[in-house]
Amino acid sequence: MIINKNTELEAIKKTISKCEKCSLHLTRNNVVPGEGNVDSPLVFIGEGPGADEDSSGRPFVGRAGKLLDKMLKDWAGINRNDIYISNIVKCRPPKNRVPTDDEMKSCIQYLESQMLVIKPKVIVTLGATSMSYFTNKKKISESRGKFYDWYGNIKTFVTFHPSYLLRNHSMEKGSPRWYSYMDMRAIGVMFR
Ligand code: URA
């Protein structure tokens with residue numbers, strides 16, 4: 001059977017837009033389901049929407065998003081429009097706190113469904129929340145820059161969250177920014 005990815009993803013989006021499975025729906029302005037190229041071999045997954053994402057309904061459009069765009073373009077040589085971007089939770093946790101286990105449990109089926117429709121080759125996890133869901137690893141500094149099996153033929157690749165890099169400016173060898181640069185370069189090679 002031929003499945004139209006866009007139709008499937010639109011159906012998931014519609015379900016997300018009505019979701020009231022956890023209390024995050026009470027404080028959200030918009031759901032942030034995800035966006036991008038549904039045929040991309042690469043998907044980037046963050047933690048959850050922040051204020052800018054909540055008001056626009058789009059993932060990674062605030063300060064961290066601007067940095068992600070730059071990391072993609074300047075370090076990996078990838079245009080944001082060529083990949084798919086989403087989050088572990090689709091509604092903003094108040095004050096940008098880390099989503100609770102229950103919130104993640106309520107929401108994760110949406111991300112899993114999206115991934116099983118898109119079927120990327122590699123899911124790049126941005127930050128600890130995304131890493132620990134996809135890999136069960138606990139320390140980014142030890143787990144970054146490596147591939148892990150996720151489901152079927154889909155692999156994950158761990159790297160730092162751009163928000164973390166906004167607080168860590170040094171590009172010195174061995175710094176988080178330097179490691180992120182190495183990771184994004186490796187991702188760029190994969191993409192070509
Ligand atoms: N941080 C995230 O994890 N996701 C976004 O969409 C924006 C900031």
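**Close-ups of the ligand site, the pocket and the cavity**

**View 1. Who sits around the ligand.** The shell around the ligand breaks down into two nonpolar, four polar and two charged residues. This is a predicted model, so read every view here as a look at a prediction. The names to look for around the ligand are Gly46, Glu47, Gly48, Glu53, Pro59, Phe60, Asn87 and His161.

**View 2. Polar atoms facing the ligand.** Start with glycine 48, where a backbone N or O atom is 3.0 Å from a ligand nitrogen. Asparagine 87 brings in its side chain instead: one of its polar atoms lies 2.8 Å from a nitrogen atom of the ligand. Then there's histidine 161, with a side-chain N or O atom 2.8 Å from an oxygen atom of the ligand. As for cover, the ligand on its own would expose 230 Å², and the protein buries 91% of that.

**View 3. The pocket that holds the ligand.** Zoom out a little and you'll find the ligand sitting in the largest pocket. That pocket holds about 620 Å³ of space. Its lining runs to 26 residues, and those nearest the centre are Ala64, His161, Ser163, Tyr164 and Arg167. Helices H3 (51-56), H4 (63-76), H6 (128-135) and H8 (162-166) are the elements that each put two or more residues into this lining. His161 is worth a second look, as it is one of the residues around the ligand and also one of those nearest the pocket centre.

**View 4. What the pocket wall is made of.** Sorted by class, the lining of the largest pocket comes to eleven nonpolar, nine polar and six charged residues.

**View 5. The enclosed cavity.** Now for the closed space: the structure has one cavity of 30 Å³ or more. There's about 100 Å³ of space inside the largest cavity. Fifteen residues line it, and Cys19, Cys22, Cys91, Cys107 and Tyr110 are the closest to its centre. Two helices, H2 (24-27) and H5 (101-118), are the elements giving two or more residues to this lining.

**View 6. Helix H5 and the cavity lining.** H5 is the top contributor to the lining of the largest cavity, supplying four residues. Taken as a whole, the lining of this cavity counts eight nonpolar, two polar and five charged residues.

Terms used
Residues are numbered from 1 along each chain as its sequence is written. This is a predicted model: local features need pLDDT of at least 70, side-chain atom pairs count only at pLDDT 80 or more; totals for chains, interfaces and linings use all residues. Side-chain values use heavy atoms; hydrogens and water are left out. A residue is near a molecule or strand if one of its heavy atoms lies within 4 Å of it. A polar contact is a pair of N or O atoms within 3.5 Å; within protein, one must be able to donate a hydrogen and the other to accept it, and residues adjacent in sequence count only if both atoms are side-chain atoms. Accessible areas come from the Shrake-Rupley method with a 1.4 Å probe; for residues, only the protein chains shown count as cover. On a 1 Å grid over the protein atoms alone, a cavity is a set of points where a 1.4 Å probe fits but cannot get out, and a pocket is an open set with protein on both sides within 12 Å along at least five of seven lines; lining residues have an atom within 4 Å of a point. A molecule sits in a cavity or pocket if more than half of its atoms lie within 2 Å of its grid points. Ala, Val, Leu, Ile, Met, Phe, Trp, Tyr, Cys and Pro count as nonpolar, Asp, Glu, Lys and Arg as charged, and the others, Gly among them, as polar. Grid points are joined across faces, edges and corners, and a volume is the space filled by probe spheres set on the points.
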